[in-house]
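I set out to record, entry by entry, what I looked up in this structure. The notes begin with a stretch of backbone and then widen to the whole chain and the ligand.

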Amino acid sequence: MSWFSRITSGLTKSAASVTEGIKQAVGQSLGLAAKLDDATLEDLEEALIAADTSLPVAQALLKDLKKSKLPDPLTEDALKQTLATLIAARLQPLAQPLTFPASPTVILVAGVNGAGKTTTIGKLAAQWAGQGKHVVVAAADTFRAAAVQQLKVWTDRAATKGKVTIVPPAKEGADSAAVAYAALEHAQTEHADIVLIDTAGRLANRQDLLAELPKLTRVIQKLDASAPHHTLLVLDATLGQSTIPQVAEFHKQIPLTGLIVTKLDGTAKAGFLLALAAQNFTANGPLPVVALGVGETLDDLGPFNPQAFANALVGLE
Ligand SMILES: Nc1nc2c(ncn2[C@@H]2O[C@H](COP(=O)(O)OP(=O)(O)O)[C@@H](O)[C@H]2O)c(=O)[nH]1
Ligand SMILES: [Mg+2]
């Protein structure tokens, strides 16, 4: 299945509410010539809010829509096309592909418990290994013994695509910073291309655990002062907009450079990416979304493309 088909089927739940709203909006004036009247706009606003776009974004989109050229009578397809274009434009600031500025490029992966860090690391490692890159994965979630085992399952899967090496803790309960250090040292010796660091799940309200991330950073900087080159926060899309305070909390502890959104297949709230796009977490605007997760297999991860995402969200084939 192509990535476009995966994202389209992944977003089915979110698209259902938006397309239902669009259908209602256009069907509203059945018998008369369908047009963008107040009742239509209200239905659309409701649908967008149901998809968790946030009220201000929903209202802004409708404002854009009123200014757009639409056919008269209005058709469902024209409304979908126009809305998708407007949504894609608002999502555009989130679209920045991940760069690989160093060799090895060190990527720290953070997030609350169960967000999908370990799964995503497995998927990323598989993709990059498949492109001929040597990927080293640091099992720096040393909180639970089972975490290393779970990561091992994923790196074994990823290793079917190419060169993936896992660096486990030297002994049980080892310091997470020590594991990250050992992994980077190994990657430097082996001339690996990428180091992915899995970390323990943190609750955004546990300051003591959050404080471990800056410590880990300081330790790996002894080997490479420019590391980590990316600090990515993994967000569970089923939480929708309530992930936004999480982003703020993590970003305060350790400067984030990007986001990965997982579980888009299990939620009707995919519209929250529009709310994310309206949040200026950095001087240059919002934090970019570097990858999307739409399922539990190795291939269910791909790039964020605003137009493809917008098309899927409004239910365009
Ligand atoms: N449906 C779905 N499930 C996912 C996705 N990503 C992760 N998961 C599931 O979410 C759960 C937690 O994932 P895990 O990687 O262990 O989270 P971690 O605690 O952040 O490392 C697991 O059951 C994963 O299979 C996704 O994109 N879609
Ligand atoms: Mg994990």
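**Backbone, fold and ligand shell**

I worked from a predicted model. I first located serine 54, which sits in the loop between helix 3 and helix 4. I read a phi of about 85 degrees there, a positive value although serine 54 is not a glycine. I then asked whether serine 54 is buried or exposed. Serine 54 is buried, because 21 other C-beta atoms lie within 10 Å and the threshold for burial is 20 or more.

I next turned to aspartate 52, which is also in the loop between helix 3 (38-50) and helix 4. Aspartate 52 is not a glycine either, and its phi is positive, near 70 degrees. I counted aspartate 52 as buried because it has 24 C-beta neighbours inside 10 Å. I noted for context that most residues other than glycine have a negative phi, and that most peptide bonds are trans.

I then looked up the cis peptide bonds. One joins aspartate 72 and proline 73, with omega about 5 degrees. I placed proline 73 in the loop between helix 4 (55-67) and helix 5 (76-91). Another cis bond joins alanine 227 and proline 228, with omega about -10 degrees. Proline 228 belongs to the loop between helix 10 and strand 5 (230-236).

Helix 10 itself was my next entry. Which residues of helix 10 (residues 212-220) are buried? I found Glu212, Leu213, Leu216 and Ile220. They cover an arc of only 100 degrees around the axis, so they lie on the same side of helix 10. I recalled that an α-helix has 3.6 residues a turn, so residues three or four places apart point the same way.

For the overall fold, I counted 13 helices and 8 strands in the protein. The C-alpha atoms fill a box of roughly 75 × 40 × 30 Å along the principal axes. I compared the radius of gyration, 21 Å, with the value near 20 Å for a compact globule of 317 residues, and the two agree. Buried residues make up 49% of the 317 residues. Of the contacts with a separation of 6 or more, 81% are between residues 24 or more positions apart.

I closed with ligand 1. There are 19 residues around ligand 1, and Gly116, Lys117, Thr118, Thr119 and Gly293 come nearest. Helix 6 (residues 117-130) gives the most to this shell, with 3 residues. By class, I recorded 3 nonpolar, 11 polar and 5 charged residues in the shell around ligand 1.

Notes: Residues numbered from 1 in each chain as written. Chains lettered and ligands numbered in written order. Predicted model: local features only at pLDDT ≥ 70, side-chain atom pairs only at ≥ 80, totals over all residues. Helix = DSSP H or I, 4+ residues; strand = E, 2+ residues; numbered from the N terminus. Rg over C-alpha atoms; globule rule 2.2 N^0.38 Å. Buried ≥ 20, exposed ≤ 12 C-beta atoms within 10 Å, placed from the backbone. Contact = placed C-beta atoms within 7 Å. Near = placed C-beta within 6 Å. Nonpolar A, V, L, I, M, F, W, Y, C, P; charged D, E, K, R; others polar. Arc of directions from axis to C-beta.
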